[in-house]
Amino acid sequence: MAIARLDYVAPWWTYWLHNFPHFNFVFQSVDNTFRPEEASYQQSLIVLACAGAIGLALSLLTLAVYLVCLFCCRRSLDEETKRPDTCCVTSAVGVGFYGNSETNDGVYQLTYSLYHANHTLDSINSLVEGAQNNVEAGLKQHLERLDEIFATKIEYLQALRFLQLMVNNIIRELTALPDINKSKIDLAAIADQTAFIEYYRWLTYLLLLILDLVICLVMCLGIAKQSQCLMISIIGFVILSLVLSWAALGSGTATAVGTSDFCVSPNKFIVNQTKDFLTADVAHYYLFCSPNLQNPFQQSLTICQRSLTTMQIQIQGLLQFSMPIFPTAQRDLLGIQTLLNSTEFNVHQLTALLDCRGIHKDYLDALMGVCYDGVEGLLYLSLFSLLAACALSAMLCVIFRLWTLMGSREKEYNDIDEEDPFNPQARRLSFNPRRSNTHSFCSYISSLGSQASLHPPSQSQSNSTIQPPEYMNQSMLFGGTPRYENVPLIGGGSPPPSYSPSMRTTYLSMTDAQIRHLRTDFQV
């Protein structure tokens, strides 16, 4: 039964980002093939990153136009429309947290795969060096001493020449195996640098997300307190977050597009980068790991294994036939046998490690982490930056409207006359005994038209024909009767329906007798 093999297929969003137009500084079209070492390709990514600067400039320009319109055309603001809605900011923050986590997971999977692949390559390098040292140093020393011991025996010397031939074959084949020290790529160093950059990227986005949440909280507090100091602080924080959001949008978009260019054709880029120290067949063997591809090291490993087996047979024969004649040769023969066993063990481990399945799995895991979780997280972070920038721009507009409203209210409050009887401050001051010139509240609630038009009825007439006034009666309040429309609510502690300075003057000019007569006339 054949085992299903997992292949890498680039996700659709990488193709979508890969098709983004690439332009250099003079706005000439650039090939979107991933070539980070070329200046033209670097310029295309820088141009994409400048999209954030363009968005910031447009936002500031829009805010400037809005401020000009706001201060030139002042309008009364409705209470329901002047309160900022922070729901957009909090939604953007939620998207940002998810994108930041996804990107961090993808980069962690990449670094883990790089570390694991680097450990595999280091193990291969150690096994190759160990086998070479055993054959070149240990076996040659023992063979040289045995050559002196068996100097009188021609057949034993021929056996030693044959062993030397096998040693040369093993050294030649081990030299053909990959030497990691000769490569120009240190996967561990790449993983360390990637983890370092990712930590500060994750921390920067986390602080930006926290800053947006703090802005929402301070905004709610500023609305509740109606404090100009809080409003100034909010404006500073919002402008800072707005600049950071647009900068994050530009850098995130450029990173996502560049990573997608790599994810669309990663094999081609890796083959070009490793062509100086790896042949094309070796690179294709580990990148594709197809059953149809033959292991390029299989022939060398087979020759080493056969040579070691032949040497084991020769040493076993010498131990059996030479010991009675040359007992001093036993130590060197046993030493050769021990080295052959150790070298054979190393060759078996090399055969397992040089198989493509282990390294290819690490390669697929790294691609899955970068191109799936990593690029997807960058897309969510770009969406967060765009939503946050738009929401913060709208929030600035609302803050400026609130500032204008607060200034207009303060100006209206300062313009209120302290002598106005309907001013709450004047009411409080009316009870101050030090202010001798302040009239009582009842002296301001008269609403008579004029003294000449006032004809109070007699006591008998008022008792027989006039009913007690019902001030809460709809017909009395809105019927238009001139007699009761402007009558003060004496003793009711309630202001009249209308008030004018002329009415106040008329009431103050009345004599005490007339006032007592009116109280008697309208007494309920």
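Glu38 is partly exposed, with a relative accessible area of 33%. In this predicted model, Glu38 forms a salt bridge with Arg35, and the closest N and O atoms are 2.0 Å apart. Arg35, by contrast, is buried, because its relative accessible area of 14% falls under the 20% limit.

**Salt bridges**

The structure holds eight salt bridges, including the three tabulated here.

| Salt bridge | Closest N and O atoms |
|---|---|
| Arg35 and Glu38 | 2.0 Å |
| Asp355 and Arg357 | 2.7 Å |
| Asp365 and Lys361 | 3.1 Å |

In the bridge between Asp355 and Arg357, the acidic partner Asp355 is partly exposed at 22% relative accessibility. Its partner Arg357 has a relative accessibility of 62% and therefore counts as exposed, the cut-off for that class being over 50%.

Asp365 and Lys361 both belong to helix 11 (residues 356–414), where they lie four residues apart, about one turn of the helix. Asp365 has a relative accessibility of 22% and counts as partly exposed.

**Aromatic contacts**

Aromatic pairs number 15 in the structure. One of them joins Trp16 and Phe20 in an edge-to-face arrangement, with 5.3 Å centre to centre and 75° between the planes. Trp16 is partly exposed at 47% relative accessibility, and Phe20 is likewise partly exposed, at 25%.

Phe150 and Phe326 also form an edge-to-face pair, with 5.2 Å centre to centre and 65° between the planes. This pair links distant parts of the chain, its members being 176 residues apart. Phe150 sits in the loop between helix 3 (87–149) and helix 4 (154–176), while Phe326 sits in the loop between helix 9 (298–322) and helix 10 (330–353). Phe150 has a relative accessible area of 0% and is buried; Phe326, at 13% relative accessibility, is buried too.

In addition, one aromatic cluster is formed by Phe34, Tyr41, Phe262 and Phe269.

**Internal cavities**

The model contains two cavities of 30 Å³ or more. The second largest cavity encloses about 30 Å³ of space. Its lining consists of Val214, Ile215, Val218, Ile234, Phe237 and Val238. Helix 5 (187–225) and helix 6 (228–264) each supply at least two residues of this lining. By class, the lining of the second largest cavity comprises six nonpolar residues, with no polar and no charged ones.

Methods:
Residues are numbered from 1 along each chain as its sequence is written. This is a predicted model: local features need pLDDT of at least 70, side-chain atom pairs count only at pLDDT 80 or more; totals for chains, interfaces and linings use all residues. Side-chain values use heavy atoms; hydrogens and water are left out. On a 1 Å grid over the protein atoms alone, a cavity is a set of points where a 1.4 Å probe fits but cannot get out, and a pocket is an open set with protein on both sides within 12 Å along at least five of seven lines; lining residues have an atom within 4 Å of a point. Grid points are joined across faces, edges and corners, and a volume is the space filled by probe spheres set on the points. Ala, Val, Leu, Ile, Met, Phe, Trp, Tyr, Cys and Pro count as nonpolar, Asp, Glu, Lys and Arg as charged, and the others, Gly among them, as polar. Rings of Phe, Tyr and Trp (its six-membered ring) pair if their centres lie within 6.5 Å; planes under 30 degrees apart count as stacked, over 60 as edge-to-face and the rest as tilted. Buried means under 20% relative accessible area, exposed over 50%, partly exposed in between (1.4 Å probe, protein chains only). A salt bridge is a side-chain nitrogen of Lys or Arg within 4 Å of a carboxyl oxygen of Asp or Glu.
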